[in-house]
Amino acid sequence: MTLDEFRKSKNLSYKRLSELVGAKHATVARRWCLPQGHEQRMIPAPNYMEKIMTVTDGAVQPNDFYVRRQ
């Protein structure tokens, strides 16, 4: 599951998602949710990756940021 799929399934705004994982700005969370290939997309740093796995109860894993979906 992508982070954006998780966000949408829980009706979370980018702001709320950023608060849950401890990011300073909603823009950071938005950039984590962009599709692969988007020029503004970012991969979370390891400390945020751990928080994302915790907040999503394991539904979003590090591979979900790297594996290209068809």
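Is Asp4 buried or exposed, and what is its relative accessible area? In this predicted model, Asp4 is buried, because its relative accessible area is 14% and buried means under 20%. The points below start from this residue and then turn to other parts of the chain.

1. Setting of Asp4. Asp4 is placed in helix H1, which covers residues 3-9. When neighbours within four places in sequence are left aside, the residues in contact with Asp4 are Tyr14 and Cys33. A reader who is new to the structure may therefore find it useful to begin at this side chain, which counts as buried at 14% relative accessibility, and to follow its partners from there.

2. Asp4 and Arg7. The side chains of Asp4 and Arg7 are joined by a polar contact of 2.9 Å, and these two side chains also meet in a salt bridge, with 2.9 Å from N to O. Arg7 and Asp4 are separated by about one helical turn, because they are three residues apart in helix H1. Both of these residues are buried.

3. Asp4 and Lys8. Asp4 also forms a salt bridge with Lys8, in which the closest N and O atoms are 3.2 Å apart. Here the two residues are four apart in helix H1, so about one helical turn separates Asp4 and Lys8. The two ends of this bridge differ in their cover, since Asp4 is buried, whereas Lys8, at 51% relative accessibility, counts as exposed because exposed means over 50%.

4. A further salt bridge, in helix H2. The side chains of Lys15 and Glu19 meet in a salt bridge, with a distance of 2.9 Å from N to O. Lys15 and Glu19 are four residues apart in helix H2, which covers residues 14-21, and so they are separated by about one helical turn. Lys15 counts as exposed, at 51% relative accessibility, while Glu19 counts as partly exposed, at 41%.

5. The salt bridges taken together. Returning to helix H1, salt bridges that share partners join Asp4, Arg7 and Lys8 into one network. A search of the whole structure finds four salt bridges, and those described in this note include the bridge of Arg7 with Asp4, the bridge of Asp4 with Lys8 and the bridge of Lys15 with Glu19. As general background, side chains of opposite charge can pair when their charged atoms come close.

6. The aromatic pair. How many aromatic pairs does a search of the whole structure find? The search finds one aromatic pair. This pair is formed by Trp32 and Tyr48 and is tilted, with 5.3 Å from centre to centre and 50 degrees between the planes. The pair links distant parts of the chain, with Trp32 in helix H3 (residues 26-33) and Tyr48 in helix H4, 16 residues apart. Trp32 counts as buried, because its relative accessibility is 3%.

7. The nonpolar surface patch. Ile43, Tyr66 and Val67 make a nonpolar surface patch of about 290 Å². Within this patch, Tyr66 is found in the segment after helix H4, the helix of residues 46-55. Tyr66 counts as exposed, because its relative accessibility is 54% and the cut-off for exposed is over 50%.

Technical notes. Residues numbered from 1 in each chain as written. Predicted model: local features only at pLDDT ≥ 70, side-chain atom pairs only at ≥ 80, totals over all residues. Heavy atoms only, no water. Patch = residues over 30% accessible without salt bridge, like charges linked within 9 Å, V, L, I, M, F, W, Y side chains within 5 Å. Areas by Shrake-Rupley, 256 points an atom, 1.4 Å probe, with all protein chains shown as cover. Buried < 20%, exposed > 50% of the residue type's maximum accessible area, 1.4 Å probe, protein only. Polar contact = N/O pair within 3.5 Å; in protein donor to acceptor, adjacent residues only side chain to side chain. Contact = heavy atoms within 4.5 Å. Phe/Tyr/Trp six-rings, centres within 6.5 Å; stacked < 30°, edge-to-face > 60°.
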